[in-house]
Amino acid sequence: MKTLKIENTTRLPREVYYQCIWTVKDLRRIETLAARLVDRSSFADDEIVLFMDETGGMQRIEVLEEAARKRECIHAALEVVPEEYREAIIENIVDLRLYDDNAHSNTYKKWKQRFIYELAGKLNLY
């Protein structure tokens, strides 16, 4: 299994790295799903609760809860990145946008690696 080196001491399996990348790429949909989450305590335990989305599809409450969990993990993992780099890193992953000129690309790459490693930990992938 090929691994990606992070911070000279820690190695993240390639598969885990790409799971994190695709989770971040899915951020817009995750945000939309998580916004629809309602308090589950208002439903009985044996009820199956579904929510209609804008495309007419039905979503189980478990899907919405998982989206909210992933959103929280992404935002928590971003806390290790200095604020001036956060938006550019997310835009680079989601929209493949080039980094800003306010720092060297190696700086962005270093913080992106730290973010991905932290996200993998928050998502319990390693």
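Let's start in a loop: Leu-96 lies in the stretch that connects α4 and α5. Keep in mind as you look around that this is a predicted model. The backbone at Leu-96 has a phi near 55°, a positive value in a residue other than glycine. Most residues other than glycine have a negative phi. Leu-96 also counts as exposed, because its relative accessibility is 65%.

A similar story can be told for Asn-124. Its place is in the segment after α5, and its phi is near 60°, again a positive value in a residue other than glycine. With a relative accessibility of 64%, Asn-124 counts as exposed.

Now step back to the whole chain. It has five helices and four strands, and from the N terminus on the elements run β-β-α-α-β-β-α-α-α. Of the 126 residues in the chain, 33% are buried. If you take the contacts between residues at least 6 apart in sequence, 55% of them join residues at least 24 apart.

A good place to see helices meeting is the packing of α1 (residues 14-25) against α5 (residues 105-122), where the axes are 9 Å apart and the angle is about 95°. That angle makes α1 roughly perpendicular to α5. Which residues make the contact? From α1 come Val-16, Tyr-17, Cys-20, Ile-21 and Val-24, while α5 brings Lys-112, Phe-115, Ile-116, Leu-119 and Ala-120. Sorted by class, this contact has nine nonpolar residues, no polar ones and one charged residue.

Helix α4 comes into the picture through Ile-93, which has its place there. Is Ile-93 buried or exposed? At 2% relative accessibility, Ile-93 counts as buried, since the cut-off for that class is under 20%. Leaving aside residues up to four places away in sequence, Ile-93 touches Ile-21, Val-24, Lys-25, Lys-112, Phe-115 and Ile-116. Several of these names will be familiar from the contact of α1 with α5, including Ile-21, Val-24 and Phe-115. Along the chain, Ile-93 and Val-24 are 69 residues apart, but their C-alpha atoms are separated by 6.9 Å.

Next, follow the aromatic rings. A search of the whole structure finds four aromatic pairs. One of them joins Tyr-85 and Tyr-108: the ring centres are 5.2 Å apart and the planes lie at 80°, so the pair is edge-to-face. Tyr-85 lies in helix α4 (residues 83-95) and Tyr-108 in helix α5, so this pair ties together parts that are 23 residues apart in sequence. Both Tyr-85 and Tyr-108 are buried. Another pair is formed by Tyr-117 and Tyr-126, with centres 4.9 Å apart and planes at 25°, so these rings are stacked. Tyr-117 counts as partly exposed because its relative accessibility is 21%, and Tyr-126 is exposed, with a relative accessible area of 52%. Ring pairs also link Tyr-85 and Tyr-108 with Tyr-99 into a cluster.

To finish, look at two places where a charge sits over a ring. The charged end of Lys-25 is over the ring of Trp-22, at 5.4 Å from the ring centre. You have already met Lys-25 among the residues that Ile-93 touches. The charged end of Arg-114 sits over the ring of Trp-111, 4.7 Å from the centre of that ring.

Definitions and conventions
Residues numbered from 1 in each chain as written. Predicted model: local features only at pLDDT ≥ 70, side-chain atom pairs only at ≥ 80, totals over all residues. Heavy atoms only, no water. Axes fitted to C-alpha atoms, helices over the stretch in contact; angles between N-to-C directions. Helix = DSSP H or I, 4+ residues; strand = E, 2+ residues; numbered from the N terminus. Parallel < 35°, antiparallel > 145°, perpendicular 65-115°, else oblique. Contact = heavy atoms within 4.5 Å. Nonpolar A, V, L, I, M, F, W, Y, C, P; charged D, E, K, R; others polar. Phe/Tyr/Trp six-rings, centres within 6.5 Å; stacked < 30°, edge-to-face > 60°. Buried < 20%, exposed > 50% of the residue type's maximum accessible area, 1.4 Å probe, protein only. Lys NZ or Arg CZ within 6 Å of the ring centre and 35° of its normal.
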